[in-house]
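Dear colleague,

Here is the structure I said I would hand over, with the sequence alongside. My notes on what was found follow below, and I would be glad if you could read them with the structure open.

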Amino acid sequence: GQGLSRSGSLLGKALMRGGLHVFGSIDYPSVIRGSHNFYTLTVSGGEVHSNGDSVDIVLALNKETVLLHVDEVSPGGVIVYDEGVDISSEELGREDVLLLPFPLTMIVKEIGGPDVIRNTVALGAGLGLMDIGVEVMKAVISDVFSGRERIIEMNHAAIEMGYVYAREHYADAVSIELKPSGGSLDRIIVTGNEAVALGAIAAGCRFYAAYPMTPASAVLHYLISTEEETGMTVVQTESEISALNMVVGASYAGVRAMTATSGGGFCLMTEALSLAAMTESPLVLMLGQRPGPSTGLATYTSQGDLLFAVHAGHGEFPRVVVAPGDVEECFHLTVEAFNLAERYQIQSIIITDKQVIESHKSTAAFEA
């Protein structure tokens, strides 16, 4: 409820527009509300494909975050936290990590904004510690909240005040030097789920049906949000069984069709997959892997379903299985999956994982 994923992706987009490569991922437990969430963003002058094991800067919105992540901070790293939080050196347990108190709550009160804007103040503090100007960040905020002038105004003030406080009080606290990369800056930042959805649109998909299942749900969310623009029919069904049966029906009627699910949902779809093979109905199915078996760990990543994808269904029948390794391949292999399914009148399975499809990555703009 504190806007961590949105804040992390906004910071990533701003740094990308500043000429850097970024990779960001959200970590959240399988609970509706009330447990610990965090977003990890890795930034470099060269291309980034994943996050590392340590962090240089922690922007903590509560004491729990400080204590949970202090062991991940690299020697000489810093932790930004609200000055109203009492943290003793004994609790911290490390002398090679620098605690930097910031008036996050006081700045929000001064602005007159809601408590959630503390995350924007923290982003400004992070930019200040890295000595990166705030203008690109403010432009990103203006784009994302276009038409909501009061929200834009408060977030601009929060970014500016967090940045200024960092430069005035902690200008020499961090020795991180980020150099923009050379070459084209024609980049976008997307998740693998968004890339798959864009690939489906580019491939001419006309019908999409799915039942929400982490980590594949965002494909459904994205395609519903663009339904009027693309002319695609998008249906949230009552079950995974219904989803694939509807896709088989749409394919049999002559349109390109697709669904997406995770391992548990794919289990339910296997009889319909065999039906699609028997009727020679071409379709595309994305399988977003998470640890199992059964319900498993719904919000974490795994790569254990390859043989399941290759052999699913009763009876023998050919199918295509493709496995993209990053967001760019998510786009291009989705297009190829549609084309191969259509050409050979078979079923194409795109096997992905939570790490790829829920993480944000900067990449060159897609060309179909």
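In this predicted model, D96 has a relative accessibility of 36% and therefore counts as partly exposed, since it lies between the 20% limit for buried residues and the 50% limit for exposed ones. The side chain of D96 meets that of R94 in a salt bridge, with 2.9 Å from N to O, and R94, at 17% relative accessibility, counts as buried.

That pair belongs to a wider topic, as a search of the whole structure finds twelve salt bridges. Another one joins K361 to E47, whose closest N and O atoms are 2.7 Å apart. This pair links distant parts of the chain, because K361 sits in strand β13 (residues 360-364) while E47 lies in the loop between β2 (38-44) and β3 (55-59), 314 residues apart. As for accessibility, K361 counts as buried at 2%, whereas E47, at 47%, counts as partly exposed.

A further salt bridge is formed by D115 and R118, with 3.3 Å between the closest N and O atoms, and these two residues are linked with D82 in a network of salt bridges. Here D115 is partly exposed, with a relative accessible area of 46%, and R118 counts as buried at 9% relative accessibility.

Turning to the helices, α7 (residues 149-170) has 22 residues, which at 1.5 Å a residue should span 32 Å, and the 31 Å between its end C-alpha atoms agrees with that expectation. The buried residues of α7 include I152, M154, H156, I159, Y163 and Y170, and its buried residues pack against strand β5 (98-102) as well as the helices α4 (104-111), α5 (118-129) and α6 (135-144).

Finally, how do α11 and α12 lie relative to each other, roughly parallel or roughly antiparallel? The axes of α11 (residues 240-252) and α12 (residues 263-278) come within 8 Å and cross at roughly 25 degrees, and because angles under 35 degrees count as roughly parallel, the two helices are described in that way. The contact is made on the α11 side by E240, I241, A243, L244, N245 and V248, and on the α12 side by G265, L268, M269, A272, L273, L275 and A276. In this arrangement, α11 passes α12 in a right-handed crossing.

With best wishes

Technical notes: Residues numbered from 1 in each chain as written. Predicted model: local features only at pLDDT ≥ 70, side-chain atom pairs only at ≥ 80, totals over all residues. Heavy atoms only, no water. Helix = DSSP H or I, 4+ residues; strand = E, 2+ residues; numbered from the N terminus. Expected span 1.5 Å × (residues − 1). Buried < 20%, exposed > 50% of the residue type's maximum accessible area, 1.4 Å probe, protein only. Contact = heavy atoms within 4.5 Å. Salt bridge = Lys/Arg side-chain N within 4 Å of Asp/Glu carboxyl O. Axes fitted to C-alpha atoms, helices over the stretch in contact; angles between N-to-C directions. Parallel < 35°, antiparallel > 145°, perpendicular 65-115°, else oblique. Left-handed = near helix turned anticlockwise from the far one by under 90°.
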